[in-house]
Amino acid sequence: MDPLRTCFDYDYHFPVDKEVTVLQYIWIGGTGLDVRGKTMIIPRIVTDFKDIPIWNYDGSSTKQASTDSSEVIIKPKFWCPDPFRVKNFPNAHIVLCDTWKQDRETPHETNFRIFAEKIMNEAKDEEPWFGIEQEYIILSPEGTLHKYPIGFPKGGFAKVQGEYYCSAGASKAFGRAVMENHMKASLYAGLKLSGNNAEVFPGQWEFQCGPCTGIEAGDHMWVARYILDRVAEDFGCDITYAPKPIKGDWNGNGCHTNYSTKSIRDEGGLDVCFKHMEHLKKYHDRHIAVYGQDNDQRLTGLHETSNMSEFSYGLAHRGASVRIPSSTKIEKKGYYEDRRPAGNCDPYLVTAMMVDSTCLNGKYGEEVVAAYKNVCKLVPGFGRDLQ
C-alpha cells in the first residue's frame with residue numbers, strides 16, 4: 001500500500017440509482033471504544049431524521065449480549081453526511097445510534113449517552129459549552145496482534161521528545177496525511193472541528209471539537225472518532241487513544257475538555273468559575289473513576305499532567321487538574337480546561353460529569369459511576385483499545 005496516496009481514491013465509480021438513501025449506522029461496541037457499523041439501503045430519498053428506522057445487530061459478536069438472546073436495538077440519535085460515499089451516493093449519511101435492550105425501553109448497560117442526555121436537559125438553562133481536545137497516536141499494525149507507533153523504527157525507539165510538537169518535516173511529523181484527511185472528512189460531515197496540531201509524542205496528533213452545546217459534544221466526538229478510524233484504515237494504520245501506550249519518558253494521550261456555562265460567560269463569570277472549582281474538588285474521585293481506564297499511568301504529575309490523587313487548579317497551569325486560561329482572568333469571564341480526562345475516555349461521561357458536578361451539585365454522579373463500574377465488571381478489558 002502506498003502511504004502517500006490520498007484517501008478514498010480507490011473507489012470504483014459506477015452509475016447508481018439516485019433514488020436511494022445509504023445509511024451507515026454506527027454505535028459504540030462492547031469495549032466502550034470500538035465504533036461498530038453496518039449499512040442500510042433504503043429505496044427512496046430520506047430527508048427527515050424521524051424517518052430513519054430503528055435497527056438491531058448481533059450483540060454476541062460485540063461483547064454486548066449472549067448468543068441465545070443476541071439482538072441489541074439501536075436507536076438513531078444524530079446523522080450527518082457520509083464523506084466516504086459522497087462520490088457515488090449523493091444521499092448517504094452516517095447515523096449515530098445508542099444501544100437498547102430488546103424491549104426498546106431499557107437502555108443497554110453500555111449506553112452512557114442516556115446519562116449525558118438527562119443531565120444536559122436538566123441543566124439546559126446554563127447552556128453548557130464544550131471544546132474537546134482529542135489526542136491520539138497513529139500505529140502501524142502487523143497482523144492483528146503487533147502494533148508500533150509510526151514515528152518509531154520497527155523494533156526500536158524514536159528520538160527523544162522535543163521536536164515533534166507542532167512540527168513540520170518528514171523526520172518529525174509522522175502521519176500528517178491521516179490528520180489532513182480526517183479534517184476534510186469531518187468538516188464535510190458537518191462536525192464542529194475547530195483545529196488540529198501535531199503533539200509531543202512522535203506520530204501523535206490532536207483534533208479539537210467544539211464549541212458544542214450539551215449532548216452535541218459527545219455526538220460530534222464519537223462520529224469524529226469513527227471518521228478517524230476509517231481514514232486511518234485507508235492508510236493501513238490504526239489509532240490508539242490509550243493514556244500511556246509507551247511506558248517511560250513519553251507523553252500519553254489526553255482528552256482535555258474546555259468548559260463553560262452561561263454564568264461563566266456572563267459578567268462576573270470568574271467568581272462562578274472559582275465556585276466550580278470547589279464542586280470539582282468535592283467530586284474529584286467521581287470524575288477520576290469515569291475519566292478513562294489506566295489513567296493512573298498518565299496522571300503522574302509529569303509530562304504536563306496533574307497528580308491523580310488530588311485536585312488542583314491554577315492560572316495557565318498545565319500541571320494542574322484544571323487550567324484557568326489567562327484570558328479568563330483578564331476578562332473576568334470565559335471558560336476553563338479540565339486536563340484530567342484520558343484519551344480513551346467516553347465524551348458522554350466526561351461532559352455529563354462536569355455538568356452534573358458544577359450545575360446540579362452532583363445529583364447523578366454516584367449513579368453514573370456505579371453504572372460505569374458495573375460495565376467494567378461485566379466486560380473484561382472495557383475501556384481499553386490496547387490489550
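Two strands count as paired when DSSP finds at least two bridges between them, a criterion applied here to a predicted model.

**Exercise 1.** Determine how strand 4 and strand 5 are joined, and which residue of strand 5 stands opposite Cys-80.

*Solution.* Begin with the bridges: 8 of them link strand 4 (residues 71–81) with strand 5 (residues 92–100), and the two strands run antiparallel. Within this pair, Cys-80 has Ile-94 of strand 5 opposite to it.

**Exercise 2.** Place these strands in their sheet, and identify the strands that stand at its edges.

*Solution.* The sheet is open and consists of 5 strands in the order 2-1-5-4-3, with mixed pairing. Strand 2 (35–42) and strand 3 (55–58) each have a single partner strand, so one side of each is left without a neighbour in the sheet. From one strand to the next, the twist averages 40 degrees. Helix 3 (residues 216–234) packs on this sheet, where it touches strand 1 (21–28), strand 2, strand 4 and strand 5, and its direction makes about 115 degrees with that of strand 5.

**Exercise 3.** Work out which residues of helix 9 are buried, and why they lie on the same side of the helix.

*Solution.* Taking buried to mean under 20% relative accessible area, one finds Gly-365, Val-368, Val-369, Ala-371, Tyr-372 and Val-375 buried in helix 9. These residues lie on the same side of helix 9 because they cover an arc of only 160 degrees around the axis. Their cover includes helix 1 (113–122), helix 6 (284–290) and helix 8 (347–359), whereas the face turned away from the buried side carries the exposed residues Glu-366, Lys-377 and Leu-378.

How values were computed
Residues numbered from 1 in each chain as written. Predicted model: local features only at pLDDT ≥ 70, side-chain atom pairs only at ≥ 80, totals over all residues. Heavy atoms only, no water. Buried < 20%, exposed > 50% of the residue type's maximum accessible area, 1.4 Å probe, protein only. Helix = DSSP H or I, 4+ residues; strand = E, 2+ residues; numbered from the N terminus. Arc of directions from axis to C-beta. Contact = heavy atoms within 4.5 Å. Axes fitted to C-alpha atoms, helices over the stretch in contact; angles between N-to-C directions.
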